[in-house]
Amino acid sequence: MADVKISPSILSADFARLGDEVAAICAAGCDYVHVDVMDGHFVPNLTIGPDVVKAIKPHATKPLDVHLMIAPVDPYISAFAEAGAEIITFHPEAGPHPHRTAQAIRAAGCRVGVSLNPATPVSVLDSLIDEIDLILVMSVNPGFGGQSFIESQLDKIRILRAMIDASGRDIELEVDGGVNRENAAQVIEAGASMLVAGTASFAGGAEKYADNITALRNAARA
Ligand code: DX5
Ligand code: ZN
């Protein structure tokens, strides 16, 4: 299996120094930069919008993995694509036409991700799997960094790994929420190919970022 990809969530970065933080985490060896967009409506928190994504883009030497926790999604796709998103991930509950949303993200030139909340059944993907490049399993309820990993999501990751392999398509399986060096091996063993880590990536300040990412990678390999 290919090496695990690490996508640090900038939700745990110092927002007053966001450009420097993005540059530092990229220099520390991550594979993507995970950008959590929250609207205070789909999830109970507010974060950033396309102008901030556009502002950090020149500081990122790795692709931007944009996780939209907003409803509706469709009116904002072109703004995030133009801001420099490489991957745009949405939640199917965010609107009545998730298939159309997937097509719109593709048409905007981005890779398409679909995210499943802890209580979202995998069957939501039955008619979407041919349209997507990435599945994002939420291992916490979305809205905040620093929460504890929900163990029941390991079974869901296993089911999704089987579903992806059966599809024969090249779909990334990303896991988001409470991932750290203690549980990374379990998450990868269950079938994940990409780990989001906010708290675990940004702990200890910039001089620790390379160690944090290396520790996650080594733990995932174990
Ligand atoms: C939660 C976000 C996550 C979160 C991850 O709604 O989607 O990306 O910030 O942070 P940690 O790794 O601290 O759980
Ligand atoms: Zn996220």
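1. Which residue's side chain does the side chain of D133 join through a polar contact of 2.7 Å? In this predicted model, the partner is R106, whose side chain and that of D133 are joined at that distance. D133 itself is found in the loop that runs between β5 (111-116) and β6 (134-138).

2. The surroundings of D133 deserve a second look. With a relative accessibility of 13%, D133 counts as buried, because the cut-off for that word is under 20%. Once its neighbours within four places in sequence are left aside, the residues in contact with D133 are R106, R111, V112, R169, D170, I171 and E172.

3. The zinc ion (ligand 2) has four residues as its protein donors, namely H34 through NE2, D36 through OD, H67 through ND1 and D176 through OD, and these lie 2.0 to 2.3 Å from the ion. Along the chain, the donors follow the spacing H-x1-D-x30-H-x108-D. Two of them, D36 in strand β2 (residues 33-38) and D176 in strand β7 (residues 172-176), link distant parts of the chain, being 140 residues apart. Both D36 and D176 are buried.

4. As for geometry, the site of the zinc ion (ligand 2) is octahedral, with 6 donor atoms and angles of 68 to 167° among them. For comparison, the ideal angles for six octahedral donors are 90 or 180 degrees.

5. Helix α1 (residues 18-27) has L18, G19, E21, V22, I25 and C26 as buried residues. These residues lie on the same side of α1, because they cover an arc of only 165° around its axis. In general, an α-helix has 3.6 residues a turn, so residues three or four places apart point the same way. The cover over the buried residues of α1 includes β1 (5-8), β2, α2 (50-56), α7 (199-202) and α8 (209-221). After α1 comes G29, which has a positive phi, near 105°.

6. The largest nonpolar core has 67 residues, and those with the most contacts inside it are I10, V33, V35, I135, I157 and L195. To this core α8 gives the most, with 5 residues. A second core, separate from it and made of 8 residues, includes L134, L136, M138 and M194.

7. V33 may be a useful residue to look at when viewing the largest core, being among those with the most contacts inside it. Leaving aside neighbours within four places in sequence, V33 is in contact with S7, P8, I10, V22, I25, C26, K62, P63, L64 and D65. Of these contacts, V22, I25 and C26 are among the buried residues of α1.

Key: Residues numbered from 1 in each chain as written. Chains lettered and ligands numbered in written order. Predicted model: local features only at pLDDT ≥ 70, side-chain atom pairs only at ≥ 80, totals over all residues. Heavy atoms only, no water. Helix = DSSP H or I, 4+ residues; strand = E, 2+ residues; numbered from the N terminus. Buried < 20%, exposed > 50% of the residue type's maximum accessible area, 1.4 Å probe, protein only. Polar contact = N/O pair within 3.5 Å; in protein donor to acceptor, adjacent residues only side chain to side chain. Contact = heavy atoms within 4.5 Å. Donors = N, O, S within 2.8 Å, 3.2 Å for Na, K, Ca; no water. Tetrahedral: all angles 85-135°; square planar, octahedral: opposite > 155°, others 65-115°. Arc of directions from axis to C-beta. Core = buried A, V, L, I, M, F, W, Y, C linked by side-chain atoms within 4.5 Å.
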